[in-house]
Amino acid sequence: MPYGSRLAATMTQRLGRECVYTPSARLALYLALRRWCRPGARVLMSPVNDDVILFVVLAAGLRPVQAPVSVWDGNIDPAAVPESTWRGVDAVLTTNLYGVPDRVLELRRRCAQLGIPLFEDAAHAIGSHVDGQPVGTFGKAAVFSLSKHVAGMAGGFLAVEDARSRRELEVLRDDLLTPGRLREDLATTLRPLARSTIRTLRLVRPVWRTMEGLGLLERDAFRMALHASRLTASAREAPSLAAYERWVRVDLHGYRSRHGSLVRGQLRLRLARLDEDLARRRAGVSLLAGTPWATPALRDRTAHDGPLPLFRVPLLVHDRDDLVRRLVRHDVVSGYIYDPPLDDYAGAEFVEPSPDPAPARWFAAHALPADPLLARRIMAAFAKERVADAHPSLLRPVPDTASPRLLGQ
């Protein structure tokens, strides 16, 4: 029986697509890119994205092409992508940022016209739909993460169109897995329980400050250190996960460790409660969508179609960076901030810059991802801190001060 087949069968039943279980979404994405993209291929993607995703694309031996994005949600704006760019890309990777769906119908249409694969990064988007169809069922392959919606701290899926592809990818996955260890499995199993206890006892602030003081956080800023000279050297070995290990493993060192039955059993229990989790998220999104910090698009969608079960709600605020520090006093730690955009962070040596970077810079600088499960706590904190909302009608060019070397040395 293939590794993780029971978990994969549950997700297959949910999506209606063949699924491969993986220890992480980042490994699942690497598998998809290696399966359908030749080395040197150019992949269109949003610059408002996790830096780990950038390094997975580079590890697969591909060239990331940064797309213009919507200033409302940070996802690719297909209409703003120049025709010359469309003609020069070999694949498209969606983001579904924070669970807000990409303009996937238009992206699918353009990919079909060009004869190139569409990959869906649905790590934030389990339970989101477009025209009644689940996100993750529109492209050649889709990536999901159990460390997001069910807080499993591990586990992912690669959803594909047919059983033959699934079997081929299972073989490729097994070649890339590293041996698991009981100690690592115990840590992976206990970590979600510890995080839940910390939240319940309102210990977020002291625990976070202690981790900062002891240097236990892998990032000193929203982005990890680039280490440009080492990244250049690694490119000579691509495609290779091993060559990019120092970047791809950040925040999840066991991203390709073979999970034992203890971890997989816990993930099955958490996956069984997914619909309850999605219902709680919808309730929180409904509350946050009615605040002045929510985008009008989110308010309109919630009013007409009901709330999406978002992983995070992007609230648009002034002085975002200072607010992030102040929110810790209210037991709110704001993660998943993708600033600066990837082209400013990595530079033209490693990515093809966006032809219109201003919307991505504005969104990345003003978006504060709010956990809908903490909606009431966040709303109370915003009220006490007198948080001012930001609006993209005030869009001004963000000073081009971001340097690919600022975080990279």
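Mentor: Let's start with a cut-off: helix angles under 35 degrees count as roughly parallel, over 145 as roughly antiparallel, 65 to 115 as roughly perpendicular, and the rest as oblique. Keep in mind that this is a predicted model.

Trainee: Okay, so why are H12 and H13 called oblique to each other?

Mentor: Helix H12 (residues 274-289) and helix H13 (residues 296-305) pack at about 125 degrees, with 9 Å between their axes. The perpendicular range is 65 to 115, and roughly antiparallel needs over 145. The angle fits neither of those, so H12 and H13 are oblique. Their crossing is left-handed, and the contact is made by Val285, Ser286 and Ala289 on the H12 side, with Leu298, Arg299 and Thr302 on the H13 side.

Trainee: And what makes H14 and H17 roughly perpendicular?

Mentor: Try the same reasoning. The axes of H14 and helix H17 (residues 375-385) cross at roughly 115 degrees and come within 11 Å. The range for roughly perpendicular is 65 to 115, so H14 and H17 get that label. The H14–H17 crossing is right-handed. Leu323, Arg326 and Leu327 of H14 make the contact with Ala381, Phe382 and Glu385 of H17.

Trainee: Let's look at single residues. How do you know that serine 334 is buried?

Mentor: Its relative accessible area is 12%. Buried means under 20%, so serine 334 counts as buried.

Trainee: Where is serine 334, and what is it in contact with?

Mentor: Serine 334 sits in the loop between helix H14 (320-327) and helix H15 (342-346). Setting aside neighbours within four places in sequence, serine 334 contacts Val324, Leu327 and Leu368. Leu327 also belongs to the H14 contact with H17. Leu368 is in strand E11 (residues 367-370), where Leu368 and Ala370 point one way and Ala367 and Pro369 the other, with all of them buried.

Trainee: Which strand does E11 pair with?

Mentor: Strand E10 (residues 313-316), in the antiparallel sense over 4 bridges. In that pair, alanine 370 of E11 is the bridge partner of valine 313.

Trainee: That loop between H14 and H15 has a proline too. What kind of peptide bond joins aspartate 339 and proline 340?

Mentor: A cis one, with omega about 5 degrees. Proline 340 lies in the loop between H14 and H15. The bond from alanine 238 to proline 239 is cis as well, with omega near 0 degrees, and proline 239 is in the loop between helix H9 (228-235) and helix H10 (245-248).

Trainee: Tyrosine 98 and aspartate 251 both have a positive phi. Why is tyrosine 98 called buried, and aspartate 251 partly exposed?

Mentor: Set each value against the cut-offs: buried is under 20%, exposed is over 50%, and partly exposed is in between. Tyrosine 98 has 2%, so it is buried. Aspartate 251 has 46%, so it is partly exposed. Tyrosine 98, with phi near 60 degrees, is in the loop between strand E4 (91-93) and helix H5 (104-114). Aspartate 251, with phi near 75 degrees, is in the loop between H10 and H11.

Trainee: What about arginine 270: how do you know whether to call it buried or exposed?

Mentor: Arginine 270 has a relative accessible area of 14%, and buried means under 20%, so arginine 270 is buried. Arginine 270 is in helix H11 (residues 261-272). From C-alpha to C-alpha, arginine 270 is 7.0 Å from glycine 152, though 118 residues separate them in sequence. Glutamine 266 is in H11 too, and its 12% makes it buried.

Trainee: Now the sheet. What makes E1 and E3 edge strands?

Mentor: The open sheet has 7 strands in the order E1-E9-E8-E5-E4-E2-E3, with mixed pairing. Strand E1 (18-22) and strand E3 (63-66) each pair on one side only, and they are the edge strands.

Trainee: How do you know that E1 and E9 pair?

Mentor: Pairing needs at least two bridges. E1 and strand E9 (residues 156-160) have 5, in the antiparallel sense, with valine 20 opposite leucine 158 in E9. Helix H6 (residues 163-176) packs on the sheet, touching E1 and E9, and its direction makes about 10 degrees with that of E1.

Notes. Residues numbered from 1 in each chain as written. Predicted model: local features only at pLDDT ≥ 70, side-chain atom pairs only at ≥ 80, totals over all residues. Heavy atoms only, no water. Helix = DSSP H or I, 4+ residues; strand = E, 2+ residues; numbered from the N terminus. Buried < 20%, exposed > 50% of the residue type's maximum accessible area, 1.4 Å probe, protein only. Contact = heavy atoms within 4.5 Å. Axes fitted to C-alpha atoms, helices over the stretch in contact; angles between N-to-C directions. Left-handed = near helix turned anticlockwise from the far one by under 90°.
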